[in-house]
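Reader: Hey, got a minute to walk me through this one? I'd like the overall fold and then the charged pairs.

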Amino acid sequence: MHGPPGADVMAGLVARIDEMNQLADQNRGFVWRLPGSEATPDALRAFADYFVPFEPERLFYNLSVWESVEDLRHYAFGTAHAEMLRHKHEWIEHFDRAHLALWWVPVGHLPSIAESVERLRSVQEKGATPFAFTFHEFFPVTVNPVAP
């Protein structure tokens, strides 16, 4: 992020986080999101090697589970969330590495930050695979894909 959550430059984003979370909660296919209270700078610091040169206090981190890629795509690009994406340059710095990873999880599984970083690294190092993919190149449901 261009600053910590309390910085003036972040006010536009911070003011709409609850709105975006409620919108997700009400959208078709939404299952779960990691509570913000668990995505603390200390929790992210354990994976700082992936996020260097960014400070964990300035990472905008989101981890959620959806029933399908189509449901997530609709939320991200077909609702008011799309407006937030159009303005992300106001709050978010350019990140040279993979910043999004999608993957299939078994019903009832709640992914962890560690799992998300493993998937991000996979997309960064190997591109889209059945193990971790993106909106631009995604794979059908695979039961227990192994890291390539």
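Author: Sure, here is a quick tour of the fold, the surface and the salt bridges. Keep in mind that this is a predicted model.

Reader: Okay, how many helices and strands does the protein chain have?

Author: There are seven helices and two strands in the protein chain. Read from the N terminus, the order of elements is α-α-β-α-α-β-α-α-α.

Reader: And what's the radius of gyration, against what a compact globule would have?

Author: The protein chain comes out at 15 Å, and a compact globule of 148 residues would be near 15 Å, so the two agree. As for dimensions, the C-alpha trace spans about 45 × 35 × 25 Å along its principal axes.

Reader: What share of the residues is buried?

Author: Buried residues account for 39% of the 148 in the protein chain. The chain exposes about 8,800 Å², with carbon and sulfur atoms supplying 57% of that area.

Reader: What about contacts, how many join residues at least 24 apart?

Author: That's 68%, counted among contacts between residues at least 6 apart in sequence. For a single pair, take Val 117 and Leu 44: they sit 73 residues apart along the chain, and their C-alpha atoms are separated by 9.5 Å.

Reader: Where is Val 117, and is it buried or exposed?

Author: Val 117 belongs to helix α7. The residue counts as buried because its relative accessible area is 1%, and the cut-off for buried is under 20%.

Reader: Switching to charges. How many positive and negative ones are there?

Author: The protein chain has 12 positive and 20 negative charges, and the mean positions of the two sets are 4 Å apart.

Reader: And how many salt bridges in the whole structure?

Author: A search turns up seven salt bridges. One of them pairs Asp 71 with Arg 28, at 2.7 Å from N to O. That pair links distant parts of the chain, 43 residues apart: Asp 71 is in helix α5 (residues 69-78), while Arg 28 is in the loop between α2 (17-26) and β1 (30-33).

Reader: Are those two side chains' residues buried or exposed?

Author: One of each. Asp 71 is buried, at 8% relative accessible area, whereas Arg 28 is exposed, at 51%.

Reader: Nice. Which salt bridge partner does Asp 42 have?

Author: Asp 42 meets Arg 45, with 2.5 Å from N to O. Both are in helix α3 (residues 41-45), three residues apart, which is about one turn of the helix. Asp 42 counts as exposed at 59% relative accessibility, and Arg 45 is partly exposed at 36%.

Reader: Back to helix α7. Which residue does Arg 119 form a salt bridge with?

Author: Arg 119 pairs with Glu 115, and their closest N and O atoms are 3.6 Å apart. Both residues lie in helix α7 (residues 113-126), four residues apart, or about one turn of the helix.

Reader: Buried or exposed, those two?

Author: Arg 119 is buried at 9% relative accessibility, and Glu 115 is buried too, at 14%.

Reader: Last thing: which residues are joined into one network by salt bridges that share partners?

Author: Arg 16, Glu 19 and Glu 83 are the ones in that network.

Methods
Residues numbered from 1 in each chain as written. Predicted model: local features only at pLDDT ≥ 70, side-chain atom pairs only at ≥ 80, totals over all residues. Heavy atoms only, no water. Rg over C-alpha atoms; globule rule 2.2 N^0.38 Å. Buried < 20%, exposed > 50% of the residue type's maximum accessible area, 1.4 Å probe, protein only. Contact = heavy atoms within 4.5 Å. Areas by Shrake-Rupley, 256 points an atom, 1.4 Å probe, with all protein chains shown as cover. Lys, Arg positive; Asp, Glu negative; His and termini not counted. Charge placed at Lys NZ, Arg CZ, Asp CG, Glu CD. Salt bridge = Lys/Arg side-chain N within 4 Å of Asp/Glu carboxyl O.
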